[in-house]
Amino acid sequence: MSDMSALELSAAIQEKKIGVAEVVNAYLDRIEKNGNKYNAFITVSKEHALAHAESVQARINAGEKISALAGVPIALKDNISTTGIKTTCASKMLEGYTPVFNATAADRIEQAGMIIIGKLNMDEFAMGGSSETGVFRAVQNPWDTSRVAGGSSGGSAAAVAGGEIPLSLGSDTGGSIRQPCAFCGVTGIKPTYGSVSRYGLIAYASSLDQIGPVGKNIDDCAALLSIISGPDKRDNTCVIERHFEFANAGKDRLDGLRVGLPRNYFESGIGGEIKDAVLAAAKEIESAGAHIEEFEMPLTDCMIPAYYIIACAEASSNLSRYDGLKYGSQSANAKTLSDVYRMSRSEGFGLEVKRRIMLGSFVLSSGYYDSYYKKALQTRALIKDAYSRLFERFDMILSPVAPTTAYKLGENLGDPMKMYMGDIYTVSVNLAGLPAAALPCGFDKQGLPIGFQLISDAFSENKLIQAARVYQCRTSHHAQILKNLSKKISHGDTKAQR
């Protein structure tokens with residue numbers, strides 16, 4: 001069962017070859033037997049899942065055509081609100097918080113007959129690049145449990161890679177879906193900003209955050225994106241007019257597709273094995289009929305500073321609500337109103353969250369607003385304009401996701417600048433509000449997965465997914481990952497073998 005894709009699993013359920021409860025129990029048993037050894041889950045909601053499984057089975061038995069993913073278990077990143085299931089953002093500040101409402105994405109998942117079985121570990125308030133900053137310990141990479149799973153959606157990628165769930169939802173603010181997918185060897189999509197409702201997504205940086213799917217292959221991710229996308233009156237930034245529809249099958253060629261390859265992404269700072277694997281992926285896409293052309297990506301020196309100034313400024317504003325009175329846990333030692341504010345935040349937030357709040361407050365202050373925040377917004381406009389001009393030349397852009405494969409746990413925690421520079425290839429996509437898909441494309445000498453990304457113009461997910469589908473039909477990296485991880489799980493090894 002764990003080797004089946006989500007679409008195959010749902011087809012078997014709807015053909016009544018297997019029951020919904022049987023599938024849900026199988027995944028719950030796997031999580032229990034694994035002892036959550038990857039630390040991917042924060043909460044497992046067994047009773048909720050089995051109750052919903054029963055109702056979905058009744059709908060299927062009645063002959064109702066629910067969705068292409070009906071009956072499939074799913075888990076959500078722990079910053080997506082779920083009725084009656086704890087939603088903590090991996091923070092002491094929200095310890096024990098149980099929402100009384102679903103996020104729009106969670107509502108749509110349940111309406112589609114999918115079964116939410118738990119909430120997934122992450123960096124605290126999605127602030128981090130390795131899923132080590134949360135209060136529930138670090139997520140461990142299924143390929144090598146001494147290494148990070150990536151962040152901030154590390155739990156979302158590790159749970160899929162480790163066979164604990166067939167599909168998950170993460171959120172992407174500056175690469176937080178794509179980088180964990182690259183580190184864990186799974187597939188993920190960061191959708192166009194405004195195509196998936198952010199209602200119920202606990203905000204980090206509101207103009208950058210976007211919910212997206214993580215799965216075993218691009219078809220599973222596309223099916224899930226189709227379900228969660230679409231207009232929502234509760235989110236004014238959700239501007240899409242109708243949900244995405246993706247054909248289950250398509251052409252096996254990419255004739256005439258124009259793909260840009262940013263040469264300066266491959267010149268320095270990138271590991272040689274990653275460079276070779278990503279360029280091999282470009283060759284494979286070229287052999288499918290696409291035309292590959294190199295170009296110089298502009299403004300690369302400005303991307304990381306602009307992103308972190310804007311993201312931290314928005315985080316400072318969004319997290320100001322957690323004052324120990326209106327929102328968040330209140331310090332038991334506070335004696336005055338000033339104590340409540342100071343001590344609740346000091347005790348409730350971790351080091352990385354405090355660092356970003358302080359940076360955001362600094363760049364928004366009256367003496368530095370024009371020097372930093374205003375310039376970052378101007379830079380963002382230039383980056384968006386640069387992409388607009390690039391998409392007059394190209395249908396999509398192919399690039400690495402990260403300059404390294406998964407590094408050792410704790411290796412970069414003491415060096416925030418090194419951690420931030422790991423986002424060099426991903427943040428511009430969020431600044432411009434564009435869609436991107438992360439796909440596995442090989443392994444390094446240590447047997448660790450390597451990923452690449454395809455980036456396209458806003459609301460052109462159909463084109464993006466078709467190119468990704470052709471690539472995965474012509475290669476076996478995603479299938480090889482499933483095969484190797486199945487062996488690893490069954491033998492109880494600590495490191496997957498190629």
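Begin with the whole chain in a cartoon view, where 16 helices and 13 strands can be picked out, keeping in mind that this is a predicted model. The radius of gyration is 21 Å, close to the 23 Å that the globule rule gives for 498 residues, so the chain is as compact as a globular protein of that length. If you turn the C-alpha trace along its principal axes, it spans about 65 × 55 × 45 Å.

Switch next to a surface view, in which the chain exposes about 18800 Å², with carbon and sulfur atoms supplying 51% of that area. Colouring the charges shows 53 positive and 53 negative ones, whose mean positions are 1 Å apart.

Now hide the surface and look inside, since buried residues make up 62% of the 498 residues in the chain. Of the contacts with a separation of 6 or more, 75% are made by residues 24 or more positions apart.

Select F125, L169, I228, I285, Y387, F452 and L454, which touch the most other members of the largest nonpolar core, a set of 118 residues. Then add helix α9, residues 300-318, which gives the most to this core, with eleven residues. Apart from this core lies another one of 39 residues, and V23, I60, V160 and C181 are among them. In soluble globular proteins, nonpolar side chains tend to be buried together.

Which residues surround Y387, once its neighbours within four places in sequence are left aside? Centre the view on Y387 and you will find it in contact with M297, I397, S428, V429, A432, L434 and I455.

The last stops concern the backbone. Most residues other than glycine have a negative phi, and most peptide bonds are trans.

Go to the loop between β5 (144-148) and α5 (154-161), where S152 lies, and select G151 together with S152, as the two are joined by a cis peptide bond with an omega of about 5°.

Move on to A90, in the loop between β2 (73-77) and α4 (104-111), where phi is near 55°, a positive value in a residue other than glycine. Is A90 buried or exposed? With a relative accessible area of 0%, A90 is buried.

Finish at A126, which sits in the loop between β3 (115-120) and β4 (140-141) and has a positive phi of about 65° although it is not a glycine. At 3% relative accessibility, A126 counts as buried, the cut-off for that term being under 20% relative accessible area.

Terms used: Residues numbered from 1 in each chain as written. Predicted model: local features only at pLDDT ≥ 70, side-chain atom pairs only at ≥ 80, totals over all residues. Heavy atoms only, no water. Helix = DSSP H or I, 4+ residues; strand = E, 2+ residues; numbered from the N terminus. Rg over C-alpha atoms; globule rule 2.2 N^0.38 Å. Buried < 20%, exposed > 50% of the residue type's maximum accessible area, 1.4 Å probe, protein only. Contact = heavy atoms within 4.5 Å. Areas by Shrake-Rupley, 256 points an atom, 1.4 Å probe, with all protein chains shown as cover. Lys, Arg positive; Asp, Glu negative; His and termini not counted. Charge placed at Lys NZ, Arg CZ, Asp CG, Glu CD. Core = buried A, V, L, I, M, F, W, Y, C linked by side-chain atoms within 4.5 Å.
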